[in-house]
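Let's walk through this structure together, one place at a time. Keep the sequence and the 3D view at hand as you read.

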Amino acid sequence: MSTQNLQTKILNEELIEVDISKYASTVAKIHHHLHTTKDEPTGWVHAPLEDNSELIQSILDVANEVKLKADVLVVVGIGGSYLGAKAIQDALIPYFGTHENGIEVIYAGQNLSGAYIHQLVKSLTNKEVYVNVISKSGSTMEPALAFRVLRQYMEERYGDEAVQRIIVTTDLEKGLLNDIAEKHNYRTFEIPQNIGGRFSVLTPVGLLPIAVAGIDIKELLNGAKQAAIELKEESLEKNEAYRYATIRHELYIQGYKVEMLASFEPGLASFHERWKQLFGESEGKDKKGILPVTSNFSTDLHSIGQFIQEASPILFETLLHFSEINDDYIVPDDVRNEDLLNYLKNRSFNEINNISKNGSARAHAAGGVPVIQIELKQLNEYHMGYLIYFFMKACTMSAYLMEVNPFDQPGVEAYKNEIKELLNEENVVEQEKVTLKI
Ligand code: PA5
């Protein structure tokens, strides 16, 4: 079962019985709902198939200006407002240094560490700076606080020119950030009403930072478009996203409550984080959901690897694999052979990495861990675009199969409200009294 671009398979089908055919009619019903509903934020389903050339050009124009005038872009955002951009950036720019077509892109507002924001601001000295603040609601505390700091920094440093160097990505119909942008004449990009945070990476939320980092956003969108075409298929037989969704659902029903996404390319670590957020926020509610956890192999084979192989049988593994990685290195010959590694001479690191992937998958599979492999051809813009769309579609199907709403995050709102309440001055005083009494 495969499409041209992505294949999903269970590597130890002979050990694990996973019959997904029974989900065919439910999947078809959910598919119909997903593709026709007007009441839910499903704009991302159709967006890659729509003509957005004007918007893309305006993003590229601003990205080119930023690249010309700045050494660094500070992206301020949290959750769906930053993880997608960081995922694509880390997967596609060189491990050390910046992309030849881009500049440095760094992130703020995704934590409340005083040390982080202090050192980030200090690191801007001697660099020309632009800021892109991203928040759909416009009122999330972490990015709002970081933006307060960075806005003052930009105003002190650039005076009137700061207005030109601050770009706001938000809901243009409501919200504090929208009010601030209007009042101060900041340039804006819109987060569409019908696309939620974690589904927004292919809107200006992700596309502007990704373009500034030097990545070809047109190719990224071409990949997403191809995915939107191929994954428009309602048949479970032919739709890889639905196949992955039903396999994981069936494993969940069989008692596997944890899914570990893993890969052997360290640049995918941030993509894992984005996957974790997408599935965690979309599916983990109403006392249901598969716990999404992530691993970076080989590194984590020497830590969590022990647990995977021999601990409680609660998890299944999903291996994300690209069969071609653009860069590689050949193991050198060494006549001394003191390390006894000459049997590997003239083989490439990627080849050895791939064999290591097959070896660990075989070990885990034989240990009784269900192992799913999601394989794409090449680690590039096109296939990352494809993968982004694939997981959004799979995640939505999976959440619906679990009979939860994929598009809300009431648990996250609960924490935001609690923090706000605790930080309210009066409450802080009350809290101190309580603490003193104890
Ligand atoms: O996926 C989501 O909706 C969330 O993760 C949000 O992106 C996150 O909470 C940030 O929200 P906002 O963009 O409103 O600041």
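In which loop is R198 found? R198 sits in the loop between β6 (187-190) and α9 (204-212). Bear in mind from the outset that this is a predicted model. R198 makes a good starting point, since it leads us to the ligand. With a relative accessible area of 4%, R198 is buried, because a residue counts as buried under 20%. Its side chain and its backbone can be followed separately. The side chain of R198 reaches the backbone oxygen of D408 at 2.9 Å. A polar backbone atom of R198, for its part, is 2.9 Å from an oxygen atom of the ligand.

From here, turn to the ligand itself. Taken alone, the ligand exposes 380 Å², and the protein buries 92% of that. The ligand is surrounded by 14 residues, and the closest of them are S81, S135, K136, S137 and T140. Two of these serines are worth picking out in the viewer. In the side chain of S135, an N or O atom is 2.6 Å from an oxygen atom of the ligand. For S137, a polar side-chain atom lies 2.7 Å from an oxygen atom of the ligand. What is the make-up of the shell by class? The shell around the ligand has nine polar residues, four charged residues and one nonpolar residue.

Next come the charged pairs. Side chains of opposite charge can pair when their charged atoms come close. The structure holds 15 salt bridges, and three of them will serve as examples here. In one of them, the side chains of R165 and E128 meet with an N to O distance of 3.5 Å. R165 belongs to helix α7 (residues 162-165) while E128 lies in the loop between α5 and β4, so this pair ties together parts that are 37 residues apart in sequence. The two partners can also be compared by exposure. R165 counts as buried, at 4% relative accessibility, whereas E128 counts as partly exposed, at 33%.

A second salt bridge joins the side chains of R248 and E283, at 2.9 Å from N to O. This pair links distant parts of the chain, with R248 in helix α11 (residues 240-253) and E283 in helix α12, 35 residues apart. Are R248 and E283 buried or exposed? Both residues, R248 and E283, are buried. Returning to the earlier pair, salt bridges that share partners join E128, E161 and R165 into one network. A further example is the salt bridge in which the side chains of D171 and K174 meet, at 3.3 Å from N to O. D171 counts as buried, at 2% relative accessibility.

Now for the backbone. Most residues other than glycine have a negative phi, and most peptide bonds are trans. Several places in this model depart from that pattern, among them N126, whose phi is positive, near 70°. N126 is in the loop between α5 (114-123) and β4 (129-135), and with a relative accessible area of 76% it is exposed. K287 also has a positive phi, near 60°. It lies in the loop between α12 (269-283) and β8 and counts as exposed, at 88% relative accessibility. Where, then, is the peptide bond with omega near 5°? The bond from F297 to S298 is the cis one, with omega near 5°. S298 is in the loop between β8 (291-296) and α13 (305-310).

For a look at a helix, move to α3 (residues 53-69). Its 17 residues reach 24 Å from the first C-alpha to the last, close to the 24 Å expected at 1.5 Å a residue. The buried residues of α3 are I56, I59, V62, A63, E65 and V66. An α-helix has 3.6 residues a turn, so residues three or four places apart point the same way. With that in mind, try viewing the helix along its axis.

Our last stop is Q4, in the segment before β1 (6-10). Q4 is exposed, with a relative accessible area of 71%. Which C-alpha atom is separated from that of Q4 by 9.0 Å? The C-alpha atom of L376 is, although Q4 and L376 are 372 residues apart along the chain.

Definitions and conventions: Residues numbered from 1 in each chain as written. Predicted model: local features only at pLDDT ≥ 70, side-chain atom pairs only at ≥ 80, totals over all residues. Heavy atoms only, no water. Near = heavy atom within 4 Å. Polar contact = N/O pair within 3.5 Å; in protein donor to acceptor, adjacent residues only side chain to side chain. Areas by Shrake-Rupley, 256 points an atom, 1.4 Å probe, with all protein chains shown as cover. Nonpolar A, V, L, I, M, F, W, Y, C, P; charged D, E, K, R; others polar. Helix = DSSP H or I, 4+ residues; strand = E, 2+ residues; numbered from the N terminus. Buried < 20%, exposed > 50% of the residue type's maximum accessible area, 1.4 Å probe, protein only. Salt bridge = Lys/Arg side-chain N within 4 Å of Asp/Glu carboxyl O. Expected span 1.5 Å × (residues − 1).
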